[in-house]
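Hi,

Here is the model I said I would pass on. Have a look at it first, and then read my notes below.

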Amino acid sequence: MNAPELPKAFERGEEELPNPLPRPEGEFEALKRAWKPPRGLRFLTAVNNTYVGVWYVGTAFLFFILAGILALIMRVQLARPENDLVGHGLYNQLFTMHGTVMMFLFAVPAVEAASVYLLPNMQAARDLPFPRLSAYAFWAYFVGGLVFFGTIFFGLSPDGGWFMYPPLTSTKYSPADNADWWLLGIGFIEISAIAGAIEIIVGVMKTRAVGMSLDKLPIYSWAMLVFAVMIVIGFPAIILGTLLLEMERAFDWPFFIAERGGDPLLWQHLFWFFGHPEVYIIFLPATGMVSMIVPTMAQTPLVGYRLIVLALIATGFLSFGLWVHHMFATGLPKMSLSFFSAASTAVAVPSGIQVFAWIATIASGRMRLTTPSLFVIGFLFIFTLGGLTGVMVAVAPFDWQAHDSYFVVAHLHYVLIGGMVFPLFAAFYYWVPAASKRALSERLGRWVFGLMFLGVNVTFLPMHITGLIGMPRRVYTYPVEMGWDALNLVSTIGAFMIAAGVAIFLYDLARNFRFTLEDNAGNVWNASTLEWLPNGTYNTRSIPSVVSRDPLWEQPNLSKDVEEGRYYLPGTVTGGREALVTSPFDARPQYILQVPGPGWQPVLAAVFTAAFFLLLTVKLVFPSVICGVLAVGCVIWWLWETDPGPVRPPADIGGGIVLPVYATGPMNHSWWAMIVLMVVAGMVFTCLIFSYLFLWLVNPGAWPPQGVRIPDWIWPSLSAFLYCASGALVAVASRQLRGDDRRSPRSVPVLIGVALPLVCGASAIDLWMQWETGLSPSAHAYGAAVYAITSLQIFFVLTTLVMGAYTIARWLAGRLDNVRRTTFDNTMLFWYYTAGQGLVALLVVHGFPRLTGGL
Amino acid sequence: MGGRRTGQILLMLAGLIAWAVQFTAIYGVTSTLCGRGWADANLLGLEVVPMTILSATLVTLAATAVALIWSFRNYRLAKHQPVAAVDDFVSHAAVLINGLSIVVILWHGIPAFILPACA
Ligand code: HEM
Ligand SMILES: [Cu+2]
């Protein structure tokens, strides 16, 4: 950590601000020019977090409405007994699509989208560290999501329920493409979510206002940090699960087919390892929003900041201990289930802490009953009720009765609508003035709230009873004599009340929402955080230094000084877009990041990636592969412009702080992204190893099955040697790239060029040796598991191959030397990871069956 | 991040990491042994399942206790000499998180003494 210490003096008197007035001629114009979004059709290539954020939120909200319409159709169908508006098959598609779209295309993207807009502004960063990555995530989601939703019009929608349990979803029972749509569509959207999560983690850690140390970080940033880490840990499980199920469906590799040594329970483990945290993944950002809104409405600092941070972190961890509680009715040994009951109750504690902190804040100030406050209160009420029924469901014996009844439907909607939809609406009303010329109407807002609040209770409260008197979920109709009609009718009426509330909201938006940054409605709530500073496409004119958690309340002249450019980096020092990178712990300025501007690359890359997955779904393999190659090409084109190197000597950002415009190694933002990416990869791999061990567990005496030979140990040893050797060559190349005088030794491309065939050879040998023994991937789960591990490894090796070749190309183009070496560093990190994963894979595949001796 | 900072963050999360270890150990061993019908497995005359739970709980508990004491000392230290607000914050958070983890770890160990191993 060699960043300069912050002289404390600036935080006080007028004269000591980092930059003097008047600001030089043309400084502001240059800043504006650098951040200006493109015009015309090229507007689509804009990457500013504010634009992408608004598109992103808008798209997520569109999916809320679409999935809501599906819900209304279902409610109309259920309004009276023996109704024949929709048949059995369509109903199955309706609830599957409703659940899937709400969970994957609305809830997670909506909170991620909001943070694309809010995070940089709240931390007074100029933009997210990888603006093009968020544009990519958005476009991939936009295209993929719309096509996925479109399947409902062709009867192609998945119909296996939003958690897609095999064997119901295996080829035997779902031969048509419907399930593939789910698997590829959702698998793909998860990738976009992970891209967003990487962005958020690096954004929170590295791009903050000066002095915004961990103790002054807005709670929202904390919540988003935990959220993103949870995505990084949890989503790989579902990605792997969809991958395995898709391989089973496409190539007949029997991971989940019991007759051939597979086990459908494996899917449930993988799904819920993601699925339970998913509820908290949705919930945490919403609590983060509430923690921002409550202090403003009560006009007093948040009570219990520390406790809330503790609660967020603890929830993040503990929620991963809960996954099996969704599988109570599956006959797992009770002993192991009780751990999960324990975890379920343990997670109630941190949630409770947050609720108390908000109530204490409300009590210590004077709460203004604005529309955002109303939604917050509604959230507290509904979510608490949902939590109570959740504890009921978590107590195992009760679950056997309520399982798969409308009680569960009621519980789940109380939690999801209370925990996420209400806070989101609060957030809309609260933050619209930051992005629009006019605030939304308070008068209409009350109607929206009233209708939605009553509507939710009228819809879902009776469902608890409907469930207890025996109505199962997921039935498309019910006979007259069951006595369920009155309750169902009430529920349907409630659903239309919600719809009416949402319709008024849309009207309000149409009337009052006018997107603008420069002349937005401004700080109408007298809030205390930095997103309310005077704004523009460049975010804030200068980057403030903060001394408290409520800077706008405690540093009275802040807005004016920031706007006049008296704080840090009031212009652009390289002439392009820049962000200030700060240290993760105490937010000291470290270097000036040259941020990429608009470009077609992320848009095209996203479209081709989406096309790759979607064409694959309809089994147009050849066009799909072409799109895949084009997508990779676009990514390379996009990367080519990054890693600009030190284009100018270190620059003064004010207050005597002189910063380089380029940095490498652990200080670099993309180094961090690479580490996070490796965690993602490591999680996918860990889940795969877990699957391997799980399949071993359910196959006593058949691991490997009769007649299967394990390759001689000499081959894996050779393979391991090659992995190590290639890693060592890369390490040598890294040593060659040391030193301060700029030079680019010829040995670097040579070393990489030699290391590449070694790493490829290592995985080729392994694949070939397995094949040699006659092991079949489709005969038994053992073979399927072995080939799955080998295939994953080959995928990583191929990626390494592309990255290695790219690095060599950078060297040839004169874009790589010992100072400008970020590209090399990223390749190196990935290389080490691939080699390490390869070694572990060899150890498991060749060592484990020998160790257990076929047990 | 410099080494000192990484250390502070690790200390802050120590208890929760210990819980994750305890959880994985307990769940892995019980489901493996129960799943294969090796519930009565013995090691030197001790039943493996309860012994794993007991030892996993004790070891992780001990680790968390050390982390708690350590972070409490840091916290006390921070009270007596001027430190940056952020250090004070992190050491306080470390005390809270490690304290909570002790409860959580105990909570997860308890079922072992109430329920039969693989019922
Ligand atoms: C806004 C009003 C909403 C209404 C009227 C509504 C209504 C329904 C109905 C009728 C079902 C089908 C029940 C069945 O037949 O088993 C359902 C299922 C479901 N809903 Fe909603 N819903 C709403 C909002 C939401 C929201 C906001 C979310 C999530 C963020 C959500 C997530 C789900 C899920 C996950 C299922 C289960 C799907 C399945 O069984 O596979 N719903 N909802
Ligand atoms: Cu759950």
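Is B:Arg4 buried or exposed? With a relative accessible area of 56%, B:Arg4 is exposed, because the cut-off for that label is over 50%. Before I go further, please keep in mind that this is a predicted model.

I started with B:Arg4 because of its partner. Its side chain meets that of B:Asp87 in a salt bridge, with N and O 3.9 Å apart. The two come from distant parts of the chain: B:Arg4 belongs to helix H1 (residues 3-35) of chain B and B:Asp87 to helix H3 (residues 85-109) of chain B, 83 residues apart. B:Asp87 has a relative accessible area of 15%, so it counts as buried, the limit being under 20%. So this bridge joins an exposed residue to a buried one. The pair also belongs to a network of salt bridges, in which B:Arg4, B:Asp87, B:Arg5, A:Asp586 and A:Arg588 are linked.

While you are in chain B, here is its outline. It has 4 helices and 2 strands, and their order along the sequence is α-β-β-α-α-α. Of its 119 residues, 45% are buried.

Back to salt bridges: over all chains, the structure holds 20. Two from chain A may be worth a click. A:Arg23 forms one with A:Glu27, where the closest N and O atoms are 2.7 Å apart, and both of these residues are buried. The other joins the side chains of A:Asp215 and A:Lys216, at 3.5 Å from N to O; A:Asp215 and A:Lys216 are buried as well.

Next, the metal. Which residues coordinate the iron atom of ligand 1? They are A:His98 and A:His413, each through NE2, at 1.9 to 2.0 Å. This pair, too, links distant parts of the chain, with A:His98 in helix H3 of chain A and A:His413 in helix H12 (residues 406-435) of chain A, 315 residues apart. Both A:His98 and A:His413 are buried. The iron atom of ligand 1 has 6 donor atoms, the angles among them run from 88 to 180°, and the site is octahedral. For reference, ideal angles for six octahedral donors are 90 or 180 degrees.

Then there is the empty space. I count 5 cavities of 30 Å³ or more, and the largest takes up about 60 Å³. What lines that largest cavity? Among the lining residues are A:Tyr56, A:Phe104, A:Val108, A:Glu112, A:Tyr141, A:Ile189, A:Glu190 and A:Phe235. Helix H3 (88-122) and helix H5 (178-206) of chain A each contribute at least two residues to the lining. Helix H3 of chain A therefore turns up twice in these notes, as it also holds A:His98. By class, the lining of the largest cavity consists of 8 nonpolar, 1 polar and 2 charged residues.

One last residue to look up is A:Ala605, in helix H17 (residues 600-617) of chain A. Its relative accessibility is 0%, so A:Ala605 counts as buried. From A:Ala605 to A:Gly365 there are 240 residues in sequence and 50 Å in space, C-alpha to C-alpha.

Best wishes

Notes:
Residues are numbered from 1 along each chain as its sequence is written. Chains are lettered from A and ligands numbered from 1 in the order in which they are written. This is a predicted model: local features need pLDDT of at least 70, side-chain atom pairs count only at pLDDT 80 or more; totals for chains, interfaces and linings use all residues. Side-chain values use heavy atoms; hydrogens and water are left out. On a 1 Å grid over the protein atoms alone, a cavity is a set of points where a 1.4 Å probe fits but cannot get out, and a pocket is an open set with protein on both sides within 12 Å along at least five of seven lines; lining residues have an atom within 4 Å of a point. Grid points are joined across faces, edges and corners, and a volume is the space filled by probe spheres set on the points. Ala, Val, Leu, Ile, Met, Phe, Trp, Tyr, Cys and Pro count as nonpolar, Asp, Glu, Lys and Arg as charged, and the others, Gly among them, as polar. Donors are N, O and S atoms within 2.8 Å of the metal (3.2 Å for Na, K and Ca); water is not among the atoms, so sites may look incomplete. Four donors count as tetrahedral if all angles lie between 85 and 135 degrees; four count as square planar and six as octahedral if opposite donors are over 155 degrees apart and all others between 65 and 115; anything else is irregular. Buried means under 20% relative accessible area, exposed over 50%, partly exposed in between (1.4 Å probe, protein chains only). A salt bridge is a side-chain nitrogen of Lys or Arg within 4 Å of a carboxyl oxygen of Asp or Glu.
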